[in-house]
Amino acid sequence: MNKESIVLGSGDLYCTEFEGTNAEMPTNEELETEENRLGHIKGGAEIEYAPSFYEAKDDMGKVSKVIITEEEATMKSGIMTWCGTTLKKLCQTARVTEDAEKKKRTVKPIWNLWTS
């Protein structure tokens, strides 16, 4: 796999779901909201992007097409403070409940949605 590293500095980390390849990328103003903030980073972060390719060629070597067959993105972070509802954004089945009276937040990932 070819890897490309992108080094980021310290600051805030934001995340939102991106739907579709033809959708317009959100602007900084749309993305950088409190609702989308995952946490604050100290010590920087790094994202590694590693696509895998398949190249199809004809028998004469005149025509070829390259397609991406797999993509892997890994993020490594320095010290980060997490917003308590972050897991709900990262895990589709996660559940977050809050008790304002007790000032307590409970986060539960649900790995299996099916019951017998």
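# A tour of the predicted model, starting at phenylalanine 53

Select phenylalanine 53 to begin, and you will find its place in strand 3, which covers residues 37-57. This is a predicted model, and at 44% relative accessibility phenylalanine 53 counts in it as partly exposed. Add Val66 and Ile68 to the selection, since together with Phe53 these residues make a nonpolar surface patch of about 280 Å².

**The whole chain**

Zoom out to the full protein and colour it by secondary structure, where two helices and six strands can be picked out, following the pattern β-β-α-β-β-α-β-β when read along the sequence. A surface representation corresponds to an accessible surface of about 9800 Å², of which 51% belongs to carbon and sulfur atoms. Of the 116 residues of the protein, 16% count as buried. If you draw up a contact map, then among contacts between residues at least 6 apart in sequence, 51% join residues at least 24 apart.

**Colouring by confidence**

Switch the colouring to pLDDT, for which the mean over the protein is 79, with 82% of the residues reaching 70 or more. Among the elements, helix 1 (residues 28-31) has the highest mean pLDDT, 88, whereas strand 1 (residues 4-8) has the lowest, 68. Now select residues 112-116, over which the pLDDT is below 50, and note that this stretch has two contacts in the model beyond near neighbours in sequence. Where pLDDT is low, the predicted coordinates should not be read in detail.

**The nonpolar core**

Which residues form the largest nonpolar core? Select Leu13, Leu38, Ile41, Ala45 and Met80, the five residues of which this core consists; strand 3 supplies the largest share of them, three residues. Keep isoleucine 41 highlighted and show its surroundings: not counting residues up to four places away in sequence, isoleucine 41 touches Ser10, Gly11, Leu13, Met75, Ser77, Gly78, Ile79 and Met80.

**Serine 10 and its surroundings**

From isoleucine 41, move to one of the residues it touches, serine 10, whose place is in the loop between strand 1 and strand 2 (11-14). Serine 10 is exposed, with a relative accessible area of 52%, and, leaving aside its neighbours within four places in sequence, it is in contact with Ile41, Lys42, Gly43 and Gly44. Draw a distance from the C-alpha atom of serine 10 to that of serine 77, and the two should be separated by 9.3 Å, although these residues are 67 residues apart along the chain.

**The salt bridges**

How many salt bridges does the structure hold? There are three, and they can be visited in sequence order.

Select glutamate 34 and arginine 37 for one of them, where the side chains meet at 2.7 Å, N to O. Glutamate 34 is exposed, with a relative accessible area of 57%, whereas arginine 37, at 14% relative accessibility, counts as buried.

Next select glutamate 48 and lysine 76, which form a salt bridge whose closest N and O atoms are 3.9 Å apart. Glutamate 48 lies in strand 3 and lysine 76 in strand 4 (residues 64-82), so this pair ties together parts that are 28 residues apart in sequence. Is glutamate 48 buried or exposed? Glutamate 48 has a relative accessible area of 18% and is therefore buried, given that buried means under 20%. Its partner lysine 76, with a relative accessible area of 48%, is partly exposed.

Then select arginine 105 and glutamate 98, the closest N and O atoms of this salt bridge being 3.4 Å apart. Arginine 105 counts as partly exposed at 40% relative accessibility, while glutamate 98 is exposed, with a relative accessible area of 55%.

**Last stop: lysine 103**

Finish at lysine 103, found in the loop between strand 5 (95-99) and strand 6 (104-108). Check its backbone torsions, where lysine 103 has a positive phi of about 55 degrees although it is not a glycine. The side of this residue open to the probe can be judged from its relative accessibility of 78%, at which lysine 103 counts as exposed.

Technical notes. Residues are numbered from 1 along each chain as its sequence is written. This is a predicted model: local features need pLDDT of at least 70, side-chain atom pairs count only at pLDDT 80 or more; totals for chains, interfaces and linings use all residues. Side-chain values use heavy atoms; hydrogens and water are left out. Patches are made of residues with over 30% relative accessible area and no salt bridge: like charges are joined within 9 Å, nonpolar side chains (Val, Leu, Ile, Met, Phe, Trp, Tyr) within 5 Å. Accessible areas come from the Shrake-Rupley method with a 1.4 Å probe; for residues, only the protein chains shown count as cover. A salt bridge is a side-chain nitrogen of Lys or Arg within 4 Å of a carboxyl oxygen of Asp or Glu. Helices (H or I, at least four residues) and strands (E, at least two) are DSSP runs, numbered from the N terminus. Buried means under 20% relative accessible area, exposed over 50%, partly exposed in between (1.4 Å probe, protein chains only). Contact means heavy atoms within 4.5 Å. A nonpolar core is a set of buried Ala, Val, Leu, Ile, Met, Phe, Trp, Tyr and Cys residues joined through side-chain atoms within 4.5 Å. pLDDT is the predictor's confidence in each residue, from 0 to 100.
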